[in-house]
Amino acid sequence: MGRREDLFAELKSIKNELEKITLKGLFKENPKRFEEFSVSLENMTLDYSKININKDAISKLFEVAKECKVEEKRDAMFSGEKINITENRAVLHTALRNKSDNQIFVDGKDVIPDIKEVLQNMKEFATSIRDGKILSSTNEEFTDIINIGIGGSHLGPEMVSQALTPYCDGPKVHFVSNIDSSHLSDTIKDLNPATTLVIVASKTFTTIETMTNAKSAKKWFQESLGEKEANLHFAALSTALEKTKEFGISDDRVFGFWDWVGGRYSIWSAIGLSVMIAIGADSFDEFLEGAFIMDEHFKTAPIEKNMPMLLGLIGIWHRNICDYDTRAILPYDQRLRSFAMYVQQLDMESNGKRVTLSGEELKIKSGPIVWGEPGTNSQHSFFQLLHQGKDIIPCEFMLAVNNHENGMDIHNDLLMANCLAQSQAMMNGRDIDEVRTILKDSGLCEEKIEELAPHKVFEGNRPSSTLIYKKLDPKTLGKIIALYEHRVFVEGAIWDVGSFDQWGVELGKELATKMVSYIQDDSKDTKLLDSSSKGLLDTIKLWNK
Ligand code: F6P
């Protein structure tokens, strides 16, 4: 990877040169900066003009992408090659939303007919639940659905159903993920078991959180409805058909997917069933269509007009050239309140890696810390640090131009104004002279002005991008999620990491299994444990009622 490092060094020189001019200066120099540093796809535009970058840096980043064979790797993914090397698996979440007539082969078998069959079964099931054709054990319509799952089997369905609230016209969907008993118990406390359907969402059907919650939910049904009846209140989404049978779920209520669908990329698969029940099959199709449009764009648009490529390369610029450790995702869209959490798994589980695909220690930084909250709420919490803290945090603003509410335009106008104002403030800042003038105009004496002025200075020159879209409808949401998926891909391809495995979650799981025996068995000797674990276990035992 020597050439990549050389290009990074050249990019660092460009960055050093760029530091001599502020973002404000770049805009002054080039009135066409927005036109030149933004990219559009249908009703969606990514404005990256407020990032301290220039054309030289962008073309050098294109060279990085070429050097790291991002396009070839992308094509390998789309074609079903086994690019998830450590698990010997293809990576084909894109096949789940493929609307073309292309065949896609894995191990010599076209996967498209199976995808179509499961999708059709999901549609029939979802529609029958919504229309009241499939009834509960008490012959009542299902009013509430609980999706029990965690990680990719939870974050996607929850985020998408929140985002598409205006399109939710089916039974009410609830989500339980945490093994903490409060999650299930607070969720079912006001629900009627007779009219509730539980969807157990787990690719492996072994995840301890999901299986523990599913078993407790089953007990809840059994106690109020009876042993056999309980099974009529379950469906499952899994690749492990033997295990779903063992749990007592009949095969016609099991919706399968395949090992080439990673958990954090699975919202497009059967894992989306709760969303489909909530919004209906047609809206779910729109959602898939949106992702397909982004896929086609990612596959075919030239690099300089390719939104995921550009977003990924901006990520590389910030992480490897500017050395920023985190990125903030700031949707000015309350219904995207779980989006940052969703992208945390997508991004950090994919690219939070310390070795290359061939197992060598990475010499450069890989995935950054991803975090965020919706605006305007976040303006009243952590924006202080974004504007005046010692760390520079690239901000990714997201903004819908139209809301879904009638007669509430004032809210939307203010929401949009705040979003634009924040990125403007980050870019321009406010220098000491301006602060002094403002303080003077407000009638303060010289001494007070000098005392207050440093606190009121905004350095500015802080980078942000804005993804602006017409309205958060199913198609647009599909595009947004696919955009972020492909951005993760582009970055992972440049870092040369295995973006589709997640070995880093295994050790904790393994140790928890051992640890629980110390908690449950008083006779188990804790002497050999480290003193912290022993001390904490002793405290647990002392206080455990
Ligand atoms: O946290 C690890 C992980 O394997 C995620 O990748 C996955 O989304 C989650 O657990 C849930 O896994 P499953 O769907 O198999 O229950």
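**Note on the internal cavities**

1. The second largest cavity of this predicted model has a volume of about 50 Å³. The residues that line this second largest cavity are Ile-314, Gly-315, His-318, Arg-319, Tyr-324, Thr-326, Arg-327, Pro-368, Pro-394, Glu-396 and Arg-487.

2. Two elements, helix 14 (307-321) and strand 10 (326-332), each contribute at least two residues to the lining of the second largest cavity. Helix 14 accounts for the largest share, with 4 residues.

3. The classes of residue around the second largest cavity are mixed: 4 are nonpolar, 3 polar and 4 charged. Arg-319, Arg-327, Glu-396 and Arg-487 are among the residues of this lining.

4. The search over the whole structure yields 4 cavities of 30 Å³ or more. In the largest cavity there is about 70 Å³ of space.

5. Which residues line the largest cavity? They are Leu-96, Ile-115, Val-118, Leu-119, Met-122, Gly-256, Phe-257, Trp-258, Trp-268, Ser-269 and Ala-270. Helix 6 (residues 112-131) provides 4 residues, the largest share of this lining.

6. With regard to class, the lining of the largest cavity comprises 9 nonpolar and 2 polar residues, and no charged residues. By contrast, the lining of the second largest cavity includes 4 charged residues.

Conventions: Residues are numbered from 1 along each chain as its sequence is written. This is a predicted model: local features need pLDDT of at least 70, side-chain atom pairs count only at pLDDT 80 or more; totals for chains, interfaces and linings use all residues. Side-chain values use heavy atoms; hydrogens and water are left out. On a 1 Å grid over the protein atoms alone, a cavity is a set of points where a 1.4 Å probe fits but cannot get out, and a pocket is an open set with protein on both sides within 12 Å along at least five of seven lines; lining residues have an atom within 4 Å of a point. Grid points are joined across faces, edges and corners, and a volume is the space filled by probe spheres set on the points. Ala, Val, Leu, Ile, Met, Phe, Trp, Tyr, Cys and Pro count as nonpolar, Asp, Glu, Lys and Arg as charged, and the others, Gly among them, as polar.
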